[in-house]
Amino acid sequence: MNNILSLLETYASDNPDEISLGLAHDFRCRRIEKNMTREEIATQSGVAVSNVARFEQKGLISLKNLISLAITLGYVSEIKSLFSEPKYSTMEELTQIRRNAGKKKASTHNRKC
């Protein structure tokens, strides 16, 4: 039970710094579970060791490097599905989401939602 509460506390914050540090902690745990050193994951992912270390210590990483690390650890579907489903907290938000479904914005490069 304490383990579940600890996990919930990690992601309960809306603070970007705390969330990034939580992600970094979880990444480090997954890397260690796979018995990989920072050097090994850096080599396999193409992310510099210094960037892996900075991520684990400070939670700082570029999106592209985060995706590369996720792919290397086998989290392709999780990273791809991050924004795949609409989120709403009220019926009004849901109505607005449905109203806007399929709309394109100004750029012609946007894929249809």
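A salt bridge here is a side-chain nitrogen of Lys or Arg within 4 Å of a carboxyl oxygen of Asp or Glu. With that in hand, look at glutamate 56 and arginine 31, whose side chains meet in just such a bridge (2.6 Å, N to O). Glutamate 56 sits in helix α4 and arginine 31 in helix α2, so this pair ties together parts that are 25 residues apart in sequence. Helices here are DSSP runs of H or I with at least four residues, numbered from the N terminus.

A word on what you're looking at: this is a predicted model, where local features need pLDDT of at least 70 and side-chain atom pairs count only at pLDDT 80 or more, while totals for chains, interfaces and linings use all residues. Residues are numbered from 1 along each chain as its sequence is written, and side-chain values use heavy atoms, with hydrogens and water left out.

Back to that pair. Both glutamate 56 and arginine 31 are buried (buried means under 20% relative accessible area, exposed over 50%, partly exposed in between, with a 1.4 Å probe and protein chains only). For glutamate 56 the relative accessible area is 10%.

Glutamate 56 has another partner, too: its side chain meets that of arginine 38 in a salt bridge (2.7 Å, N to O). This one links distant parts of the chain, with arginine 38 in helix α3 (residues 38-45) and glutamate 56 in helix α4, 18 residues apart. Arginine 38 is partly exposed, because its relative accessible area is 23%. Put the pieces together and Arg31, Arg38 and Glu56 form a network of salt bridges.

How many salt bridges does the structure hold? There are 3, and one of them joins arginine 30 and glutamate 33 (2.7 Å, N to O). Those two both lie in helix α2, 3 residues apart, or about one turn of the helix. Arginine 30 counts as partly exposed at 25% relative accessibility, and glutamate 33 counts as exposed at 56%.

Now step back to the helices themselves. The axes of α2 (residues 16-33) and α4 (residues 49-58) come within 7 Å and cross at roughly 120°. The axes are lines fitted to C-alpha atoms over the stretch in contact, and angles run from 0 to 180 degrees between N-to-C directions. Where they meet, α2 brings residues including Leu23, Phe27 and Arg31, and α4 brings Val52, Phe55 and Glu56, among others; contact means heavy atoms within 4.5 Å.
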